[in-house]
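These are my notes from going through one model, entry by entry. I took the pocket before the helices, and single residues last.

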Amino acid sequence: MDLDVFVSAHRAEWDRLDALLRRQRRLTGAEADELVVLYQRTATHLSLIQSAAPDPQLTGRLSQLVARARSAVTGARRASWRDVTRFLAHGFPAAVYKSRHWWVPTALLSTAVAALLGWWIGTHPEVQASIAAPSELRELTRPGGQYETYYSSHPATSFAAQVWTNNAWAAALCLILGVFLGLPVLWILFQNMLNLGVGFGLMSSAGRLDTFLGLVLPHGLLELTAVFVAAGTGLRLGWTVIDPGPRTRRTALAEEGRAALAMAIGLALVLFVSGAIEGFVTPSGLPTWARITIGVVAELAFLAYVYVLGGRAARAGETGDLDAAERSATVPTAA
């Protein structure tokens, strides 16, 4: 594309669209129709320039012009409770469902790594000695020790808020850093599995594995599932950088990035539930079987939410991305 020739051919249309948008009076019917036509043409021009001959200054001007025209044509759109309901009932579970081929293997492999680390630490005293001194290990694992008192060391409300903040931040990092080929996601996952493996190994070596599981499972099932979903989505985003498929890399990253952003919002709500369980149920005086049952019910409810509601929404065409009317204008590209 000869950019100078293209600009000369279409500058008059862009100037006319700008002039219509600056009109202080109400547009006539003919002018409104003209504005719609010019908006559609300019959106196509912008997409062509972005794909064939990107020029930062011209792209910035046309992007602003298209945004103003879209606002004039469609009117300002405000989020409503209907949007929230639709997102929770369709968009979020569909996005999680569609990414299941990434986060389910991530969950299985990560759990296996944590179990192997726990076995290795629990069966090798020399590894335990490298973690801490024997007296410190006894303080960690004894009845009423630090592993047990950790969950009741702060008021339940503040502890739940702290846990939710930390977990939501870890999930957000997985989603955000996935664009760096997924490598930071693997490190975050390993750190989480290492922490879990250390606790598993030390408590099992002290003969208190049942206590450890009774403390971890009530909130850990849902919490780790959310982390695995975030990690799987981050890895998928990283793979999109490597192989965008039939889409352009820009388009693919935009679509996957918007879905990841929506995923972050939904996972924050899931982690809020797991944080509440960790703050109020885990340290409670309920029997171990009751606390674990609450955790299992919460986990099964989430999986049913994803596979039933999300599967149905995904088969109906929901992707978790923005509606077509809310996306940037694009033109078809060859595969």
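Entry 1, the pocket. I began with the largest pocket, which holds about 770 Å³ of space. The model is a predicted one. I listed the lining of this pocket and got 24 residues, of which Tyr 150, Tyr 151, Asn 195, Leu 196 and Glu 223 are the closest to its centre. I then asked which elements give two or more residues to the lining. They are helix 8 (146-149), helix 9 (156-177), helix 10 (183-205) and helix 11 (209-242). Helix 11 has the largest share, with eight residues. Sorted by class, the lining comes out as 14 nonpolar, eight polar and two charged residues.

Entry 2, helix 11. I looked at its length next. Helix 11 has 34 residues, and a straight helix of that many would span 50 Å at 1.5 Å a residue. Between its end C-alpha atoms, helix 11 spans only 42 Å. I also checked for a bend, and I found one of about 55° at Gly 220. Is helix 11 largely enclosed or largely open to the outside? I counted 25 of its 34 residues as buried, so helix 11 is largely enclosed by the rest of the structure.

I picked Ala 230 as a single position in helix 11. Its relative accessible area is 0%, under the 20% limit, so I logged Ala 230 as buried. I also noted a contact in sequence terms: Ala 230 and Ala 170 are 60 residues apart along the chain, with 8.7 Å between their C-alpha atoms.

Entry 3, the core. I looked up the largest nonpolar core, which has 35 residues. The members that touch the most other members are Phe 92, Val 96, Met 263, Leu 267 and Phe 302. At least two core residues each come from helix 4 (81-98), helix 5 (100-122), helix 9, helix 10, helix 11, helix 12 (249-281) and helix 13 (288-315). Helix 11 gives the most to this core, again with eight residues.

Entry 4, helix 4. I ran the length check on helix 4 too. Its 18 residues reach 24 Å from first C-alpha to last, close to the 26 Å expected at 1.5 Å a residue. I recorded a bend of about 45° at Phe 87. Among the buried residues of helix 4 are Gly 91, Phe 92, Pro 93 and Ala 94, along with Ala 95, Val 96 and Tyr 97. Two of these names, Phe 92 and Val 96, I had already written down for the core.

Entry 5, loops and a short helix. I found Leu 181 in the loop between helix 9 and helix 10. Its phi is near 60°, a positive value in a residue other than glycine. Most residues other than glycine have a negative phi. I logged Leu 181 as partly exposed, because its relative accessible area is 47%.

Ala 133 sits in the loop between helix 6 (125-131) and helix 7 (134-141). I have Ala 133 as partly exposed too, at a relative accessible area of 34%. From Ala 133 to Leu 20, 113 residues away along the chain, I get 76 Å between C-alpha atoms.

Last, I looked up Thr 149, in helix 8. Its relative accessibility is 36%, so Thr 149 counts as partly exposed. Thr 149 and Pro 283 are 134 residues apart in sequence, yet I get 8.2 Å from C-alpha to C-alpha.

Note on methods:
Residues numbered from 1 in each chain as written. Predicted model: local features only at pLDDT ≥ 70, side-chain atom pairs only at ≥ 80, totals over all residues. Heavy atoms only, no water. 1 Å grid on protein atoms, 1.4 Å probe; cavity = no way out; pocket = protein on both sides within 12 Å on 5 of 7 lines; lining within 4 Å. Points joined across faces, edges and corners; volume = space filled by probe spheres on them. Nonpolar A, V, L, I, M, F, W, Y, C, P; charged D, E, K, R; others polar. Expected span 1.5 Å × (residues − 1). Bend = angle between axes of the 7 residues up to and from the residue. Buried < 20%, exposed > 50% of the residue type's maximum accessible area, 1.4 Å probe, protein only. Core = buried A, V, L, I, M, F, W, Y, C linked by side-chain atoms within 4.5 Å.
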